[in-house]
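Me: I am new to this model and would like to look closely at one part of it, the place where two copies of the chain come together. Could you take me through that part slowly and then set it beside its surroundings?

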Number of protein chains: 4
Amino acid sequence: MNQQARESAACSLEFSYAQTRAYSLELIRGLSAEDCQLQSMADASPLKWHLAHTTWFFETFVLGALASPPAPVDPRYKVLFNSYYIGVGERHLRAERGLLSRPSLDEVLHYRQQVDQQMQRLLGNPQQLAPLADLVTLGLQHEQQHQELMLTDLKHHFSCNPLQPAWRDRAPEQQSAAATARHSQYRSFAGGLCEIGATGNGFSYDNEGPRHRVWLEPFQLAERNVSNGEFLAFIADGGYQRPELWLSDGWDWVSQQGVASPLYWQHADQQWQAFTLAGLQPLNHAAPLCHVSLYEADAFARWSGARLPTEAEWGHAAESAPDLAGLFGEVWQWTNSAYLPYPGYQPATGAVGEYNGKFMINQMVLRGSSCATPAGHSRNTYRNFFPAATQWQFSGLRLARDS
Amino acid sequence: MNQQARESAACSLEFSYAQTRAYSLELIRGLSAEDCQLQSMADASPLKWHLAHTTWFFETFVLGALASPPAPVDPRYKVLFNSYYIGVGERHLRAERGLLSRPSLDEVLHYRQQVDQQMQRLLGNPQQLAPLADLVTLGLQHEQQHQELMLTDLKHHFSCNPLQPAWRDRAPEQQSAAATARHSQYRSFAGGLCEIGATGNGFSYDNEGPRHRVWLEPFQLAERNVSNGEFLAFIADGGYQRPELWLSDGWDWVSQQGVASPLYWQHADQQWQAFTLAGLQPLNHAAPLCHVSLYEADAFARWSGARLPTEAEWGHAAESAPDLAGLFGEVWQWTNSAYLPYPGYQPATGAVGEYNGKFMINQMVLRGSSCATPAGHSRNTYRNFFPAATQWQFSGLRLARDS
Amino acid sequence: MNQQARESAACSLEFSYAQTRAYSLELIRGLSAEDCQLQSMADASPLKWHLAHTTWFFETFVLGALASPPAPVDPRYKVLFNSYYIGVGERHLRAERGLLSRPSLDEVLHYRQQVDQQMQRLLGNPQQLAPLADLVTLGLQHEQQHQELMLTDLKHHFSCNPLQPAWRDRAPEQQSAAATARHSQYRSFAGGLCEIGATGNGFSYDNEGPRHRVWLEPFQLAERNVSNGEFLAFIADGGYQRPELWLSDGWDWVSQQGVASPLYWQHADQQWQAFTLAGLQPLNHAAPLCHVSLYEADAFARWSGARLPTEAEWGHAAESAPDLAGLFGEVWQWTNSAYLPYPGYQPATGAVGEYNGKFMINQMVLRGSSCATPAGHSRNTYRNFFPAATQWQFSGLRLARDS
Amino acid sequence: MNQQARESAACSLEFSYAQTRAYSLELIRGLSAEDCQLQSMADASPLKWHLAHTTWFFETFVLGALASPPAPVDPRYKVLFNSYYIGVGERHLRAERGLLSRPSLDEVLHYRQQVDQQMQRLLGNPQQLAPLADLVTLGLQHEQQHQELMLTDLKHHFSCNPLQPAWRDRAPEQQSAAATARHSQYRSFAGGLCEIGATGNGFSYDNEGPRHRVWLEPFQLAERNVSNGEFLAFIADGGYQRPELWLSDGWDWVSQQGVASPLYWQHADQQWQAFTLAGLQPLNHAAPLCHVSLYEADAFARWSGARLPTEAEWGHAAESAPDLAGLFGEVWQWTNSAYLPYPGYQPATGAVGEYNGKFMINQMVLRGSSCATPAGHSRNTYRNFFPAATQWQFSGLRLARDS
């Protein structure tokens with residue numbers, strides 16, 4: 001990269017940095033310090049922690065990589081706000097993040113400001129920035145990923161309060177409604193020897209590559225995601241009471257947890273309501289089904305005489321038929337593929353190499369993006385992943401079948 | 001009671017009410033809303049919850065008993081701030097009290113003000129007050145009991161934060177130090193047919209009575225409570241590694257939980273420190289031992305060639321030898337008596353009858369009071385009670401032996 | 001003791017030994033090696049283990065105390081068949097006793113024969129026996145205690161088999177029926193300064209003494225134990241659904257475990273049946289209620305407007321009114337007294353001192369004896385003890401009230 | 001199939017039936033009824049249960065499909081010996097299989113004889129047999145699968161007995177030793193568009209098909225399985241203490257379970273021993289590593305600078321290079337592929353369709369066969385599957401790497 005290109009890239013990165021960091025603060029607008037401290041389960045972190053951890057990422061991996069790194073804003077944050085990077089040292093216990101009344105939200109916001117100032121100095125120095133630019137980009141993608149988790153976690157935190165508080169007057173969940181209530185059509189794909197995975201042009205996580213060949217048999221993919229109304233028919237047909245529709249582990253899960261609907265659904269006065277980021281709302285039958293586990297998605301597909309797509313089918317379709325409705329911005333779509341390395345996968349070097357690879361077991365892949373995903377964070381090759389019983393993510397499904 | 005006596009009693013109650021309610025607020029001085037929301041375990045409630053629950057008690061049991069009760073400040077608080085009174089209806093789950101960012105601390109303080117105003121109207125009306133005066137007194141005792149819990153719980157909440165925050169510059173724990181480091185002397189008691197329990201003059205909880213006769217064999221009681229220094233000798237002598245010193249359940253507890261010291265003790269750099277309400281402090285060898293379970297108290301007594309006193313021995317001694325050092329204001333003193341009803345015990349009628357009686361199983365009695373007990377809440381006949389494994393209360397011990 | 005007395009005592013002990021040891025074998029008559037290996041929960045041991053452990057007791061504590069002890073029958077049994085005597089060394093894990101297919105039942109019976117031969121040699125030598133006679137008696141009492149446990153445990157083991165096997169054609173449980181179906185009468189006791197506990201004449205466990213004075217207020221005790229029919233009225237009145245009848249821990253137990261009847265009761269085809277040692281049988285309304293926890297006993301008593309007796313009340317009544325029906329041989333009777341040491345209690349010295357004292361916490365006392373107690377093992381001062389939630393013992397209750 | 005072919009097939013099936021059924025009995029030769037009742041964990045069933053369940057399979061699915069099925073040998077066995085076939089009705093609780101002392105082993109052997117007689121009548125009637133022949137074959141494969149489990153489970157049962165019993169004088173585990181202790185060589189494969197999966201010629205489970213195309217990048221596969229000696233080097237190099245070598249779930253597993261070696265290894269007197277079906281034996285460094293979880297296999301591979309093969313790579317290699325050492329008869333070889341359906345997979349119809357498909361989640365594929373697999377039960381396309389933490393199967397690994 002020549003001098004001019006480097007300056008232009010730096011300028012663009014400076015703008016992205018400012019924009020991304022500002023959006024995290026926008027998400028907590030209207031929330032109190034008490035709201036930002038809630039932790040309703042070990043898997044869901046307090047919003048205050050997200051704000052601090054994303055800052056810690058820049059301080060540790062970017063500023064920490066400078067020849068003469070600035071003094072840490074507070075050396076105790078090194079342990080407090082490390083999530084799972086063993087290479088970086090000790091970590092505070094995940095399940096106890098909600099017990100940190102200190103540092104206060106004000107102190108965390110001050111921490112953000114301090115690191116932002118240090119980062120701005122770096123972003124304004126193209127030469128110093130150049131070797132670190134990729135890490136800055138990774139940090140911004142990382143912060144966007146946490147922005148979705150902030151909404152996902154907050155929804156769970158608030159759902160535990162009998163007062164059922166709202167984050168906003170209008171729920172993001174309601175903004176996406178399946179284009180039509182008509183029965184979903186299928187699109188056919190011929191398959192054959194296809195390529196999937198990230199090319200390396202533009203940003204991607206290490207787990208999205210390398211781009212590689214896969215053989216696909218002919219298949220069909222639904223034009224849109226499954227709707228709430230369709231899932232109500234599954235419930236009405238006794239779907240949660242019929243073991244033959246479920247994977248064995250899924251049936252155990254349903255039986256032991258007493259699951260009888262997607263997460264956040266409530267049945268009262270003979271109508272269904274759903275808890276949303278705008279509080280309790282009547283269930284919109286035309287909206288895409290959300291907050292189902294893979295077990296529910298799989299049972300619904302079996303009940304429908306269909307199946308879940310594989311990850312490769314989804315990835316190929318997203319490239320060859322980008323006009324399919326609801327690929328992005330509605331719900332993450334469960335695939336029937338385990339989260340495992342692509343052929344030739346190599347984790348990134350250094351501590352950031354812990355980002356993805358070590359989680360490649362016991363999880364299933366979701367593709368697309370959701371109504372909670374920040375703008376600019378969706379891409380064809382994105383591999384999201386969660387255990388099969390996960391409901392609290394913005395997860396739904398799109399049907400597939402053999403041709 | 002004649003008119004004048006009634007007015008005087010009302011005036012005194014009004015003063016007690018103002019004083020007791022104000023002290024609860026004094027306890028949170030310097031704490032943030034975030035601090036007041038912490039819940040580190042199901043047994044320990046957020047301070048905000050204590051502030052609201054003690055208010056709920058007056059609103060429900062006192063104001064609610066008026067011929068025309070005022071409208072509730074917020075009808076949703078009826079469920080949210082009920083602790084365990086089944087007679088009053090549904091309750092919010094104990095373990096999830098820390099998930100209530102709403103109502104905010106400000107709203108809870110507003111709730112207190114509203115109820116205080118309503119109570120002040122009642123307290124200023126001697127005729128209306130007369131039939132409810134005993135319930136008001138009960139409510140104040142109840143609030144005092146929660147004031148101790150506020151400090152007890154806050155200590156646990158803060159102890160989970162790696163930053164080890166302090167509540168005050170000077171720790172209540174440090175203010176009581178055993179009078180002397182010399183070996184403790186024993187006082188002899190002749191026993192015989194004694195009376196213990198509340199007489200009914202002055203306030204007492206229902207579980208403290210009726211006053212009744214017990215036969216006591218001659219016994220001896222230590223002049224003071226066991227000190228930290230004495231317990232260090234037990235540790236140094238391998239006390240935690242010698243099964244013959246422990247009750248069977250106690251040995252299981254030590255083994256399975258890996259207990260090797262009283263709660264809040266930390267050994268670092270070859271010296272012992274203790275987490276206190278003033279943060280981490282060097283261990284004061286002369287101070288009374290605190291935060292031990294009954295198992296530890298019992299094992300220490302056995303190691304000392306002594307035993308724990310029974311509740312009746314302690315109660316008799318407190319009446320006949322009130323000059324024993326440290327009966328009150330240092331640590332709650334474990335007895336080797338189970339928390340069971342006195343002969344002839346009858347629970348109070350109505351929902352407040354759930355206060356004590358239903359907990360009379362699987363708990364052991366502690367007597368005296370601690371450095372965290374508010375002034376005016378100590379009495380000879382007070383029966384505190386907790387399961388044998390409890391460490392997080394301000395609990396220590398005083399040795400006894402047969403004469 | 002002179003020569004003649006010693007010989008006579010030895011002769012009597014030899015007879016007791018033969019009789020007691022034979023009765024253990026009588027209990028397994030008709031059972032297969034497979035039956036004798038069952039372990040349905042950690043608390044209930046296989047019958048084969050009981051047969052071996054009672055033998056181990058003689059080998060370890062009696063033969064092992066000889067000047068030149070015989071070689072152990074199998075040195076590996078020292079660990080395998082130790083129950084909880086830490087002073088004797090390592091123990092095999094209690095919950096894994098059912099995993100010992102080796103040694104086989106035949107080998108365990110051979111072990112019994114070997115030890116019996118060695119014991120017979122000792123019992124035939126009055127001089128050698130004299131210093132060990134008390135330990136032999138303790139061993140026989142110990143074996144009798146395990147004889148009751150053999151039936152108690154076998155009942156639980158068999159109850160887990162859908163085939164519902166029977167031990168005998170006639171159930172011991174059915175042999176005791178409350179004398180009358182009429183409403184139970186109360187007997188009055190004046191109380192005052194009474195003595196309870198073992199005098200030391202005749203055998204008793206260390207926990208039954210020392211005999212000591214207690215002050216009792218006047219009280220009444222039911223003439224007989226509560227019957228199944230009376231408990232059915234409690235169930236019909238919604239007893240298991242009314243929290244106000246229960247101790248707080250009892251209500252949690254009922255709710256979390258879904259308890260809705262005594263253990264082993266089954267409701268089918270609109271009638272109640274009970275699993276017994278003779279298999280499934282129609283419930284006998286006149287028989288004494290059995291297999292209830294202290295929680296159920298306490299709730300029933302509260303529902304009846306009565307209460308459980310204290311241990312001292314029961315003990316005093318058993319001495320002063322031995323004609324009360326069903327004191328022995330029907331069901332163990334829950335008292336509302338915790339299992340704690342009597343004043344002046346000292347555990348026996350040596351490893352057998354672990355027999356009782358270390359269990360004096362978190363348990364409640366039962367008095368009397370049951371239909372499964374072997375002849376000669378009942379006495380006025382016997383203190384049985386179990387945690388409050390225990391149902392699988394032959395436990396019932398007798399009502400008491402204040403005079 | 002014409003008459004003659006039908007008779008010949010029936011004759012062959014009759015022979016296979018007799019042989020397979022006899023081998024199950026051979027496996028329990030020398031074991032007592034007590035041995036056959038052991039159940040050391042919920043996952044491992046008693047041998048008596050295996051003997052009964054495999055018989056139940058023929059009685060239910062084969063004899064039960066006859067136009068006029070014979071009366072069941074014992075109607076209660078229908079529930080007792082159903083494993084997981086929901087389509088067939090209720091089942092006895094898996095974790096309580098060890099609590100069935102009744103039916104006795106003798107009764108179960110009698111059950112086998114009765115069903116064998118009924119089956120022999122069917123096998124001798126080619127016309128009646130023809131439509132059921134496939135189900136008979138499935139039943140025999142099913143019994144063979146349980147024959148391996150009998151040894152696998154027995155090993156676990158016996159390992160819980162401190163006496164460490166032996167099944168045979170010579171251990172099956174010791175019979176397979178890696179051909180050479182030299183460093184393993186790699187064989188190269190060109191990959192490309194390959195076919196894997198069962199062709200439908202000869203027996204296979206439904207999950208092994210359909211045969212389908214996959215694209216493989218060039219890869220290498222080790223000539224032999226990893227040996228005990230090689231794994232000792234991993235241990236010596238601190239393999240179990242280095243988080244960077246482990247998947248995140250694997251590290252949690254190691255830390256929480258305190259895993260520090262393969263299952264059944266014991267370190268004493270400065271040498272390693274392994275519990276085998278011939279009791280405790282010195283560890284053979286040249287033998288194939290066995291009883292490791294996928295986590296251990298994966299960590300070892302990472303430490304070696306290699307990786308686990310995918311299922312497709314293993315399957316392709318087994319077809320194109322059947323001379324690779326140790327593909328079969330040593331240890332099941334973990335692959336890094338999740339157990340999911342092949343493209344176009346359809347479960348068999350009827351209740352036997354529950355055999356495989358419903359387990360296709362949260363498990364990883366193992367390929368090959370082990371020293372405990374009965375003769376005739378190994379094939380190229382066999383898909384074994386277990387959760388990643390499973391150690392008690394005869395599981396090892398073969399290294400792979402990219403070309």
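Reply: **Chain A and chain D**

Of the interface residues of chain A, 100% are also interface residues in chain D, so the copies meet through the same surface. Please keep in mind throughout that this is a predicted model.

In general, two copies of a chain are related by a rotation about an axis and a shift along it. Here, a turn of 180° together with a shift of 0.0 Å along the axis lays chain A on chain D with an RMSD of 0.0 Å, and this is therefore the relation of a two-fold axis.

The contact itself draws 24 residues from chain A and 25 residues from chain D. On the side of chain A that touches chain D, the elements that give two or more residues are strand S3 (212–216), helix H9 (248–257) and strand S8 (332–338) of chain A. Among these contributors, S3(A) supplies the largest share of that side, namely four residues. Sorted by character, the residues on the side of chain A that touches chain D comprise 13 nonpolar, five polar and six charged.

It helps to set this beside an annotation from a record. An unreviewed UniProt entry places the feature "domain: Sulfatase-modifying factor enzyme-like" at residues 190–319 of chain A. Over residues 190–319 the chain is 29% helix and 22% strand, and the C-alpha atoms at the two ends lie 14 Å apart.

Other pairs of chains can be compared with this contact. Chain A and chain C are joined by no contact, and their closest C-alpha atoms are 14 Å apart. Chain B and chain D likewise do not touch, with their nearest C-alpha atoms 14 Å apart.

Finally, chain C offers a packing within one chain. Helix H2 (residues 47–62) of chain C and helix H4 (residues 105–123) of chain C pack at an angle of about 25°, and their axes are 10 Å apart. H2(C) and H4(C) are therefore roughly parallel to each other, and H2(C) passes H4(C) in a left-handed crossing. From H2(C), the residues C:Lys48, C:Leu51, C:Ala52, C:Thr55, C:Phe58 and C:Glu59 meet C:Leu105, C:Val108, C:Tyr111, C:Arg112, C:Val115 and C:Met119 of H4(C). Taken by character, the residues of this contact of H2(C) with H4(C) are eight nonpolar, one polar and three charged.

Methods: Residues numbered from 1 in each chain as written. Chains lettered and ligands numbered in written order. Predicted model: local features only at pLDDT ≥ 70, side-chain atom pairs only at ≥ 80, totals over all residues. Axes fitted to C-alpha atoms, helices over the stretch in contact; angles between N-to-C directions. Parallel < 35°, antiparallel > 145°, perpendicular 65-115°, else oblique. Left-handed = near helix turned anticlockwise from the far one by under 90°. Contact = placed C-beta atoms within 7 Å. Nonpolar A, V, L, I, M, F, W, Y, C, P; charged D, E, K, R; others polar. Least-squares fit on C-alpha atoms with pLDDT ≥ 70 in both. UniProt positions renumbered as here; feature names shortened; annotations may be inferred.
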